[in-house]
Structures are given as structure tokens and as C-alpha cells.
Amino acid sequence: MVTLAEVARHAGVSASTVSYVLSGKRPISDGTRQRVRASIEQLGYQPHAGARALASSRSRIIALMVPLRTDMYVPVMLDIAVAVATTARAHGYDVLLLTGEEGPSALRRVTGSGLAEAVILMDVQLHDERLAVLRTAGPPAVLVGLPADPAGLSCVDLDFAAAGALCVDHLAALGHREIAVVGESPGVYARHTGFAERTLRGLRQRAERLGVGLLHRACEGSHDAVAQVLARILDERPGVSAFVVQNETAVEPLLALLRRTGRAVPEDVSVVAVCPEAVAAQASVPLTSVAIPAQELGRRAVERLVARLADPAARTGTELLPPVLTVRESSGPPPRPLGVPL
């Protein structure tokens, strides 16, 4: 392994000069800096991370808190995590992934030890217990999500309330007057997870404004669970002509069950989803959908955090990405009642 002293000898400078070039603590002439950088590149020198952290009081590590729960759609979470890791690396940071459900204790452990100098929080709940730690003596942080009270916090997310409203707008414009929502697993709502609660609020408010009937049912993602929820919906609201799905694992079971009950999509019933683009486009009936921009959320979270690390006075606040609805093959006008002329 190449040492700092070997870099100094190769560049014809002192070891302290190499150290100053790496840390930026003292001004070094451009010629000397370029010579040292060339030696570092030629010799393949890698500074010792622990030593650099002790010398600079900076670990260059971002902690990413992403609890991997069984009732969440993990691929979306991992897409965000990969975007966080690649963007962080481009800015010279590494990522420490925390996947447990320890909540505030994990946040205190990581930040109190100095292991990470900044944090990105995912799976944000409306009344998230972790936020109290951030508001007292926490490190720079960005939330991928939106709590009930985002004051003083830096947040980035899809505008899920607007996404819900957009789904109702699309279906109402086609003529649907009774909509059923196949939602996330019951545990997601029990925790008051922000994205699910906000989507539901947007759906309900827009349906009420437009005079559209709306029925919401939480749903596990298994075939049997979707079958039970669908039967319950059709029993309670036999006039339902459209579904909004916010549960990726329920998409294919729902489409299969609609076919089995003799309901063609979209001739007899329309289906719109809030889900990743790939899930919608690759469904057995390509779904009209509002996409979840997972990679964009991860990238923006890191860029916000890097800006705060560079300037602690950088503005906090909330950035909500506007939803985009893509029309595919799963939505159309409701069927005409028997006896109604064309």
C-alpha cells in the first residue's frame, strides 16, 4: 500500500505539504498542488479514511436510514437507496445503510459516535419519532418524505396528495362516478406512513370536490387478500367502474381477478395505479399510472444534503415533485348501462 511519505518523495515535497493538499487547510501553489495530485494519481495513493476523519473531523459518510419492512414495496426503497449511493459517491461521500427499525436510538448511535456526518431518512411517518432527535442536536439531514409538521426540516418527495387528485381527475373526466381504492397494507396506515396518508387525502378531497363516490380499502399484496378485498368492494359498491391501486404487489392479482370475474380492462372497468414506471408498463394490461420517481428523489436528497454540508446556513424547506400521469391501456370510459343508446 502506497504511503503519504512515498507520495511526498515522488512529488519532491514534504509530507506536510501532501497533507495540506489533501485537507485544503493551508493554501498551496497551483504548481505544487498539481504535482502532488499527479503523484497521487500515478502511485494510486488512497488516504486512510480513519486518519482523514480524525484530522478533519469529517467522516465523509452519509447515513441512510431505510427500514426494510415486510409490508413495504422494497424495490422502490432500493431504487432510492442506489440513487443516494451513486450520487453521494460522485460528491466524494460514502453511504452507511441502516435497514433496521431502531428509530431514534439508531439515529442517536450513528450521529453521537461521529460515524456519519449527515443523515438521509426514508419511510417517513406523519409523526415520526426520529424527528425529535434531528430538531434537538441532530446532524444535517434530509427527509425523503414529508411529516405532518415539516417546519425547520429539509424534505424532498413526490407530491402524493396531488398524485391522488390527478388519478381522480383522469377517471372523472372519462365519466366514472364510483371509484374504489386498493391501498397499501393495513400496517402502512397504522403507522401513519406519510406517502400513503397523503395520497389518500388527495383522493378523498378531489372526489368530494367533483362529486365522485370513493371507497378505500387497505390490502395485503397476496392473491387471497386481494380476492377478499375485491369481493368486499363489489359487494359494498356494485356500481364501481374504476379502481385506483397504490400497492405494487396487488396489481397483478387484481388484474387476474377482474379477468376471472368477467370484467375486461378497460371496457368494463378501468384501473389506474400510483407505482413505479416499470410496474405499470410491464403489467399484463399496461396501466395508466402516476410514476414514483425513485431515482430522482434519491439524487435530489443527496444534492440538498451536500449543499447543507457546504453551507450550514443553506435554506431548508420542502420540495415536492409534481406528479405526472401517463395514459396507457387500462383506462377508458365506463360501460354504458343496458338500454342506453349509443
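## Strand pairing and helix packing

Strands β9 and β10 run parallel and are joined by 4 bridges. In this pair, A273 stands opposite S289 of β10. The model discussed here is a predicted one, and the account below follows the sheet outward from this pair before turning to the helices.

S289 also has a partner in β12, namely T326, and here β10 and β12 pair in the antiparallel sense over 2 bridges. Strands of a sheet pair through backbone hydrogen bonds, and the pairing may be either parallel or antiparallel. The sheet to which these strands belong is open and has 6 strands in the order β7-β6-β8-β9-β10-β12, with mixed pairing. Its edge strands are β7 (213–217) and β12 (325–326), each of which pairs on one side only. Elsewhere in the sheet, strand β6 (residues 178–182) and strand β8 (residues 242–245) run parallel and are joined by 4 bridges, and I179 has A242 in β8 as its bridge partner.

The three strand pairs can be set side by side.

| Pair | Sense | Bridges | A bridge partner pair |
|---|---|---|---|
| β6 and β8 | parallel | 4 bridges | I179 and A242 |
| β9 and β10 | parallel | 4 bridges | A273 and S289 |
| β10 and β12 | antiparallel | 2 bridges | S289 and T326 |

Two helices lie across strands of this sheet. Helix α8 (residues 160–174) lies across β6, β8, β9 (270–275), β10 (288–291) and β12, and runs at about 165° to β9. Helix α11, for its part, lies across β6, β7 and β8, running at about 150° to β7.

Helix α11 (residues 223–236) also packs against helix α12 (residues 251–260), at an angle of about 55° and with the two axes 9 Å apart. The helices α11 and α12 are therefore oblique to each other, and their crossing is right-handed. On the α11 side the contact is made by H223, V226, A227 and L230, while α12 contributes P253, L254, L257, L258 and R260. By character, the residues of this contact divide into 7 nonpolar, 1 polar and 1 charged.

One further residue may be placed relative to another part of the chain. G31 lies in helix α3 (residues 30–43), where G31 is partly exposed, with a relative accessible area of 43%. From C-alpha to C-alpha, G31 and A173 are 66 Å apart in space, and 142 residues separate G31 from A173 in sequence.

Note on methods
Residues numbered from 1 in each chain as written. Predicted model: local features only at pLDDT ≥ 70, side-chain atom pairs only at ≥ 80, totals over all residues. Heavy atoms only, no water. Axes fitted to C-alpha atoms, helices over the stretch in contact; angles between N-to-C directions. Parallel < 35°, antiparallel > 145°, perpendicular 65-115°, else oblique. Left-handed = near helix turned anticlockwise from the far one by under 90°. Contact = heavy atoms within 4.5 Å. Nonpolar A, V, L, I, M, F, W, Y, C, P; charged D, E, K, R; others polar. Pairing = 2+ DSSP bridges. Buried < 20%, exposed > 50% of the residue type's maximum accessible area, 1.4 Å probe, protein only.
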